[in-house]
Amino acid sequence: MISFAMGTFALLPVYLLSIGRNEIFFGSISSAGMAAAIFIVLLSPTLTRQFSVRRLAPVGGLLYAAGCATMLLNELSGMRATFPYFLSYMFQSGGWALHFTMGSICISALSSDADRPSSFMAYSAFSTLGLTCGPLLGSLLTHFTGLGTVDMFVLAMLAATTGSALSFWAVKRAPNIRKADIPNNAALTRDLSNILFSNSSPFFLLVLLSASIYTTLVNFQAPFASQSGLPYEIFFGSWAIAVVGSRFAIGPRVTRSAAGRTLPLLLGGMGVSLLGFHYSPGHPTIYAVTSLMTGITYGLSYPLMQSEAVRVTAPQSRTFVQIIFSLSYFLGLYLFPFVAGLVSVHLGYDVLTLLIAGLALLQTVIAILGYRAIRRKPAPTVAGNKG
């Protein structure tokens with residue numbers, strides 16, 4: 001439900017363009033959101049020790065709903081002032097960051113080493129399903145019911161509030177969550193330097209680049225499609241089918257394979273498939289096939305990165321690794337839109353599509369080199385104290 005609220009705001013860049021703003025403005029408010037997200041992630045160990053995962057898990061949805069409400073009030077006032085856009089995105093980003101971090105900790109704590117990859121596959125699949133349903137439903141409602149963007153903000157606010165209620169219900173029925181190991185401040189300072197040279201470090205780079213690709217595809221898809229003479233519904237529909245379908249149909253087999261071979265192949269395949277966006281303007285078939293292939297490769301590679309980052313880490317440090325993984329994700333998710341906005345405005349979407357394909361190929365190289373380093377240093381090197 002919270003992902004659905006987030007997906008509804010994938011249409012925000014199009015709305016901003018319609019009221020005289022541009023992609024750079026969207027990148028600017030996204031960067032403000034990055035500051036809020038990073039602050040929440042860095043503060044999450046202290047918050048978790050103070051309030052527990054159970055109490056924090058529902059708060060993410062409420063923060064996201066507050067961001068939706070801020071945007072809604074700004075629109076209803078008729079002023080469309082600049083600051084509320086920044087404030088709204090900071091609330092939304094902080095809420096998503098808290099939800100994402102607590103959710104990952106919960107999934108990890110409730111899973112064994114054997115079923116953790118499949119758990120992350122399923123968790124990510126439902127997240128993707130919600131995100132892609134947001135713009136698709138928004139498109140249907142605006143086309144056939146006469147509802148406008150302000151109504152979509154209301155829908156997103158209700159969805160985020162529902163997600164908060166579901167989080168509250170879920171954590172009350174998950175006794176193992178209390179076993180999650182939360183590092184203390186001293187451990188954080190010490191482990192932060194150690195983890196930069198640990199087996200987990202390549203996966204932090206990989207998820208940062210994945211988030212950069214993902215945020216560009218989702219947030220800039222509607223204006224890209226508009227300029228290319230394509231319906232953006234093709235992308236979101238194909239993406240949903242590919243990501244969700246692959247995670248349930250192929251995901252279990254992928255999680256049983258050797259990740260050291262599978263992950264680089266998936267990332268290389270994603271790099272090739274992303275090139276299709278460069279050649280898709282005016283060609284709906286190429287656009288659909290490219291969206292499907294990118295969705296499959298991204299859908300299978302992302303949860304594999306997350307489970308591998310945990311697998312190669314000492315058990316007492318896995319919560320800390322989840323926090324750094326989340327931090328890397330949000331750096332890409334909210335900082336890269338500013339870069340993408342600059343590129344799209346000054347160089348065009350042709351260059352932007354080539355840029356994200358290059359990021360995927362860079363991921364492939366990092367994955368190959370990272371697994372070589374892991375084979376030379378198989379034992380986990382991150383050590384942390386329980387806090």
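R80 is partly exposed because its relative accessible area is 37%; on this scale buried means under 20%, exposed over 50% and partly exposed in between, using a 1.4 Å probe and protein chains only. You will find R80 in the loop between helix 5 (59–77) and helix 6 (82–109). Helices here are DSSP runs of H or I with at least four residues, strands are runs of E with at least two, and both are numbered from the N terminus. The backbone of R80 deserves a look too, since its phi is near 50 degrees, a positive value in a residue other than glycine. Most residues other than glycine have a negative phi.

Before we go on, a word on the model: it is predicted, so local features need pLDDT of at least 70 and side-chain atom pairs count only at pLDDT 80 or more, while totals for chains, interfaces and linings use all residues. Residues are numbered from 1 along each chain as its sequence is written, and side-chain values use heavy atoms, with hydrogens and water left out.

Now step back to the whole fold. The protein has 17 helices and 0 strands. Its C-alpha atoms fill a box of roughly 55 × 45 × 35 Å along the principal axes. The radius of gyration is 20 Å, which agrees with the value near 21 Å for a compact globule because the protein has 387 residues; the radius is taken over C-alpha atoms, and the globule rule is 2.2 Å times the number of residues to the power 0.38. Of the 387 residues, 57% are buried. Among contacts (heavy atoms within 4.5 Å) with a separation of 6 or more, 86% link residues 24 or more positions apart.

What about the surface and the charges? The accessible surface comes to about 15400 Å², and carbon and sulfur atoms hold 69% of that area; the method is Shrake-Rupley with a 1.4 Å probe, and for residues only the protein chains shown count as cover. There are 22 positive and 10 negative side chains, with the centres of the two sets 14 Å apart. Lys and Arg count as positive and Asp and Glu as negative, leaving out His and the chain ends, and each charge is placed at NZ of Lys, CZ of Arg, CG of Asp or CD of Glu.

Helix 7 (residues 116–144) is a good next stop, and T128 lies in it. T128 counts as buried because its relative accessibility is 7%. Leaving out residues up to four places away in sequence, T128 touches W239, V243 and R247. With R247, the side chain of T128 makes a polar contact of 2.9 Å; such a contact is a pair of N or O atoms within 3.5 Å, where within protein one must be able to donate a hydrogen and the other to accept it, and residues adjacent in sequence count only if both atoms are side-chain atoms.

P135 is also found in helix 7, and P135 is buried, with a relative accessible area of 0%. Beyond four places in sequence, its contacts are G7, T8, L11, Y232 and F236. Of these, L11 is 124 residues away in sequence, yet the C-alpha atoms of P135 and L11 are 6.5 Å apart.

Finally, compare two buried sites. T215, in helix 10 (residues 201–219), has 1% relative accessibility and so counts as buried; outside its sequence neighbours up to four places away, T215 touches F220, G332, L333, F336 and P337. S167 sits in helix 8 (residues 149–171) and is buried at 13%, and beyond four places in sequence S167 is in contact with A57, P58 and H99. S167 and T215 are 48 residues apart in sequence and 24 Å apart in space, C-alpha to C-alpha.
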